[in-house]
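Hi,

Here is the structure I promised to send over. Have a look at it first, and then read on for what turned up.

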Amino acid sequence: MIETPEEFVARFVSLMNTHNPTVVGKLVAEDAVYFFTNAVLRGRPAVEAAMGDTWKQIHDEVYEVIDVEWLLKNGTVAVYTYKFHWTGKIGPIKAEKHGRGTNVIVLKGGEWYVQHVHLSNPPLW
């Protein structure tokens, strides 16, 4: 049975907290495009490498997604916005970040994949 977009997002967030780029990467489309505030990543290998580099620097990270708002769900494509928050340690120093995201997920061969991620800083106002 094909999981719902909501189930996929819950699984994706849960796997992000494994800090295993290969495991998370299996949910990322081969030709995915990720927009971060400091980088643009194209393709699953680039996304997995960036995740690995990030998780080497941030220890004990806990990632969460809240306030998911579905913009489109049509059976093969779903688009949603959300707020994200992570906490962890960079060296001995506690660190955290929050912001907003927009993701596009696509159904291919009976499985959902992350096709696009666009993360941004929270608004200043």
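Below are my notes on confidence, the main pocket and a handful of residues.

First, how far to trust it: this is a predicted model. The protein chain has an average pLDDT of 96, and 99% of the residues score at least 70. Broken down by element, helix 3 has the lowest confidence, with a mean of 96, while strand 1 (residues 28-35) has the highest, at 98. As a general caution, predicted coordinates should not be read in detail where pLDDT is low.

Now the pocket. The largest one has a volume of about 750 Å³, and 31 residues line it. If you want to centre your view, go to Phe-36, Thr-54, Ile-58, Trp-86 and Leu-119, which lie nearest the middle of the largest pocket. What is the lining made of, in terms of nonpolar, polar and charged residues? The split is 21 nonpolar, 7 polar and 3 charged.

Several elements share the job of building that lining. Helix 1 (5-16), helix 3 (44-57), strand 3 (58-73), strand 4 (77-90), strand 5 (93-108) and strand 6 (111-120) each put in at least two residues. Which of them gives the most? That would be helix 3, with 6 residues.

On to single residues, starting with the acidic ones that have a polar partner. Glu-96 sits in strand 5 and counts as exposed because its relative accessibility is 55%, with the cut-off for exposed set at over 50%. Setting aside residues up to four places away in sequence, Glu-96 touches His-85, Trp-86 and Thr-87. With His-85 there is also a side-chain to side-chain polar contact of 2.6 Å. For a sense of distance, Glu-96 and Met-51 are 45 residues apart in sequence, and their C-alpha atoms are 16 Å apart in space.

Glu-3 belongs to the segment before helix 1. Is this residue buried or exposed? Buried: Glu-3 comes out at 19% relative accessibility, so it falls under the 20% cut-off. Its side chain makes a polar contact of 2.5 Å with the side chain of Arg-11. Beyond four places in sequence, Glu-3 is in touch with Phe-8, Arg-11 and Trp-112.

Arg-44 is another one to click on. You will find Arg-44 in helix 3, and it counts as buried because its relative accessibility is 18%. Leaving out neighbours within four places in sequence, its contacts are Gly-25, Lys-26, Val-28, Ala-29, Glu-30 and Tyr-113.

Last, a bit of backbone. Most residues other than glycine have a negative phi. Here are two that go the other way. His-19 is not a glycine, yet its phi is positive, at about 60 degrees. His-19 is in the loop between helix 1 and helix 2 (21-25), and at 27% relative accessibility it counts as partly exposed. Asp-60 also has a positive phi, near 55 degrees, without being a glycine. Asp-60 lies in strand 3 and is exposed, with a relative accessible area of 58%.

That's the lot from me.

Cheers

Technical notes. Residues numbered from 1 in each chain as written. Predicted model: local features only at pLDDT ≥ 70, side-chain atom pairs only at ≥ 80, totals over all residues. Heavy atoms only, no water. 1 Å grid on protein atoms, 1.4 Å probe; cavity = no way out; pocket = protein on both sides within 12 Å on 5 of 7 lines; lining within 4 Å. Points joined across faces, edges and corners; volume = space filled by probe spheres on them. Helix = DSSP H or I, 4+ residues; strand = E, 2+ residues; numbered from the N terminus. Nonpolar A, V, L, I, M, F, W, Y, C, P; charged D, E, K, R; others polar. Buried < 20%, exposed > 50% of the residue type's maximum accessible area, 1.4 Å probe, protein only. Contact = heavy atoms within 4.5 Å. Polar contact = N/O pair within 3.5 Å; in protein donor to acceptor, adjacent residues only side chain to side chain. pLDDT = per-residue confidence, 0-100.
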